[in-house]
Amino acid sequence: MKSWARNILWAALGVAVLMSLLWELVPLPDAGDRLDALPMQGLNFAGRAVPLSPIEELTYQPARVLKRIYRVGRQHVELLVLDGSRNRHAVHDPLYCFRGAGWRVSGTRYLALPGGHAQLVQLANGGDAAEVLCWITDGTVRHLSAPRYWLQTTLRRLTFGRSGPEPVLVVMQPLRGEAVVWERVLQDFPALLEL
């Protein structure tokens, strides 16, 4: 190997080591301010915090998780919001978890949201059925694409947070198997779209 090529390799290695040290030492801004700003009560909704189960604590640690139950109008939903700034592996396609828990995806459809869409997923497990609404958002753009999430978070890491806000995963499901009109929930609880 020629000396100039060896010098380029050593320089590249030095830059890689320096960047990895900086990424470890310089904390990225998280989405905590957006999670903290989500109101517990409003004109058409009221909520209460719900503790994470021991399995959820182990799975998501050290990611920041917001888990609440809301009454929106006459409908009741459970809300889970994951900020993966401290554990990017905690945010993933929720369909993997549902399939891993024995549910089969029986249908999906998109629900239009400002700046993108959410995915409404119908699940079946034997004679049981469930429905889940989920999306990933950075406060402006909404989608449910794990590769896009990984790209957003990688860009944030490379730019030390200057490429945009931290995306979070939002997962909502009806409480106790109730039927929910999701468009009405989002209309009566507009703060959800500010996450």
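**Note on strand β3 and the cavity**

1. Gly73 adopts a positive phi near 65° in the hairpin of β2 and β3, where two residues lie between the strands. The model under discussion is a predicted one, and the phi value of Gly73 should be read as a property of that model.

2. The two strands of this hairpin run antiparallel, and nine bridges join β2 (residues 64-72) to β3. One of the paired positions is Val72, whose bridge partner in β3 is Gln75.

3. Strand β3 also pairs with β8 (residues 168-174), again in the antiparallel sense, through seven bridges. Within this pairing, Glu78 stands opposite Gln173 of β8. Strand β3 is thus bridged to β2 and to β8.

4. How much of β3 is buried? The strand spans residues 75-83, and seven of its nine residues are buried, which leaves β3 mostly covered.

5. The structure contains one cavity of 30 Å³ or more. The space in the largest cavity amounts to about 40 Å³.

6. Which residues line the largest cavity? The lining consists of Leu28, Gly84, Ser85, Arg88, Thr153, Arg157 and Glu166. By class, the lining comprises three charged, three polar and one nonpolar residue. Leu28 is the nonpolar member, because Leu counts as nonpolar whereas Arg and Glu count as charged and Gly, Ser and Thr as polar. The charged members are accordingly Arg88, Arg157 and Glu166, and the polar ones are Gly84, Ser85 and Thr153.

Terms used
Residues numbered from 1 in each chain as written. Predicted model: local features only at pLDDT ≥ 70, side-chain atom pairs only at ≥ 80, totals over all residues. Heavy atoms only, no water. 1 Å grid on protein atoms, 1.4 Å probe; cavity = no way out; pocket = protein on both sides within 12 Å on 5 of 7 lines; lining within 4 Å. Points joined across faces, edges and corners; volume = space filled by probe spheres on them. Buried < 20%, exposed > 50% of the residue type's maximum accessible area, 1.4 Å probe, protein only. Helix = DSSP H or I, 4+ residues; strand = E, 2+ residues; numbered from the N terminus. Pairing = 2+ DSSP bridges.
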